[in-house]
Amino acid sequence: LFPLKDVQAAAVLMKCTPLVLATLAAGQDIFLGKSPNLFSDSCSSRDTPSQDPFEQLCYLLKKNRDTYDISWAPPYVPPATFQDHIPYDLVAIYLQGATADQLNATYAFHEKDEGLVPAIPATGAITEDNFAEHIGENAVNPSILYSDYVDVYRSELERMTAEETMLKYLPHLVDGVFGKLFHGMQTLGWGYGMTGDKDMVAQGLAWMSTAFSPLAPLAAEPSKMNLTQVFQDMHEDNRLPTFTGDPTLFYDKYLGQLIANHTAVLAEYDLAVDDNVELDAAQAIAEHMSDAVMLQFAAYNFSHFTN
């Protein structure tokens with residue numbers, strides 16, 4: 001989206017960021033409006049290949065879940081180091097108008113390019129009655145109980161709507177949404193929210209249940225309103241450490257240090273959001289946060305993964 005070649009180009013773009021963000025939002029609406037592949041709210045079959053793009057998307061998303069583990073690791077690296085990114089790529093190219101054959105090609109590319117490993121079979125260890133007791137039990141390696149949680153949520157979706165299922169289970173899961181860098185929220189929001197394939201509700205909730213990992217308590221009385229200003233103030237706060245190594249390579253190490261030693265300082269920067277916020281206000285806050293994060297991303301020429 002941003003073929004910028006140098007820092008100078010990024011600096012110019014930064015000066016007109018408000019306009020750029022508004023243009024991006026409008027452009028996305030226009031783009032999706034022209035896409036031949038739009039949101040649908042049902043799949044006729046998830047177990048049979050199809051030449052219809054949406055039906056094939058549903059088929060491949062379920063096939064990926066049933067075939068491969070959600071995590072994989074190179075040799076000699078602890079388990080659950082990298083996550084299976086097939087769902088995100090499939091949804092992205094589907095929304096760009098991919099054909100069934102193009103979806104298949106993308107799936108095959110990931111099978112070759114990622115170090116995927118077989119899915120761990122479910123054992124029946126998780127049930128509707130005990131699901132809450134095991135949330136986050138193996139947060140470092142969520143693969144262990146993932147298939148079991150998927151089975152529970154799939155069963156729930158057979159007797160409830162997607163919305164009813166989310167309303168029932170999300171209150172148990174939101175505190176730990178950060179686990180494994182928000183992959184559960186991505187699977188749920190991107191997978192289901194952008195397609196309507198309700199199996200992605202089961203997959204997303206299962207991710208959130210197994211990778212559940214609360215960071216630190218929030219401020220009792222948060223006061224900050226402007227996230228861009230918050231970032232600037234944090235940058236100038238000499239009580240916080242300056243990490244000099246590779247933030248992608250040492251991400252877990254740096255995050256651990258922040259949690260262990262600086263949660264009180266960081267809590268001073270929590271945004272004030274009403275617990276009973278209405279939907280329209282929540283969307284406005286989300287847009288504000290998205291704009292602030294886009295500025296952070298732009299600061300590194302739209303090219304720094306961790307940033």
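Helices (H or I, at least four residues) and strands (E, at least two) are taken as DSSP runs, numbered from the N terminus. On this basis, the chain of the predicted model has 13 helices and 2 strands. The chain counts 307 residues, and 36% of them are buried. Its accessible surface comes to about 17600 Å². Carbon and sulfur atoms account for 58% of that area. Contacts between residues at least 6 apart in sequence were also examined. Of these, 70% join residues at least 24 apart.

Helix α6 (143-159) was considered next. Its 17 residues should span 24 Å at 1.5 Å a residue. The end C-alpha atoms of α6 lie 26 Å apart, which agrees with that expectation. The helix is mostly covered, with 12 of its 17 residues buried. The buried set includes the tyrosines Tyr146, Tyr149 and Tyr153. Charged side chains also appear in it, among them Asp148, Arg154 and Glu156. Leu145, Val150, Val152 and Leu157 are buried as well, as are Ser143 and Ser147. The buried residues of α6 pack against three helices and a strand: α3 (53-67), α7 (162-173), α9 (199-210) and β1 (71-72).

Alanine 132 precedes this helix, in the loop between α5 (100-113) and α6. Alanine 132 has a relative accessibility of 40% and therefore counts as partly exposed, since that class falls between the buried limit of 20% and the exposed limit of 50%. Alanine 132 and serine 209 are 77 residues apart along the chain. Their C-alpha atoms are separated by 8.5 Å.

Key:
Residues numbered from 1 in each chain as written. Predicted model: local features only at pLDDT ≥ 70, side-chain atom pairs only at ≥ 80, totals over all residues. Heavy atoms only, no water. Buried < 20%, exposed > 50% of the residue type's maximum accessible area, 1.4 Å probe, protein only. Contact = heavy atoms within 4.5 Å. Areas by Shrake-Rupley, 256 points an atom, 1.4 Å probe, with all protein chains shown as cover. Expected span 1.5 Å × (residues − 1).
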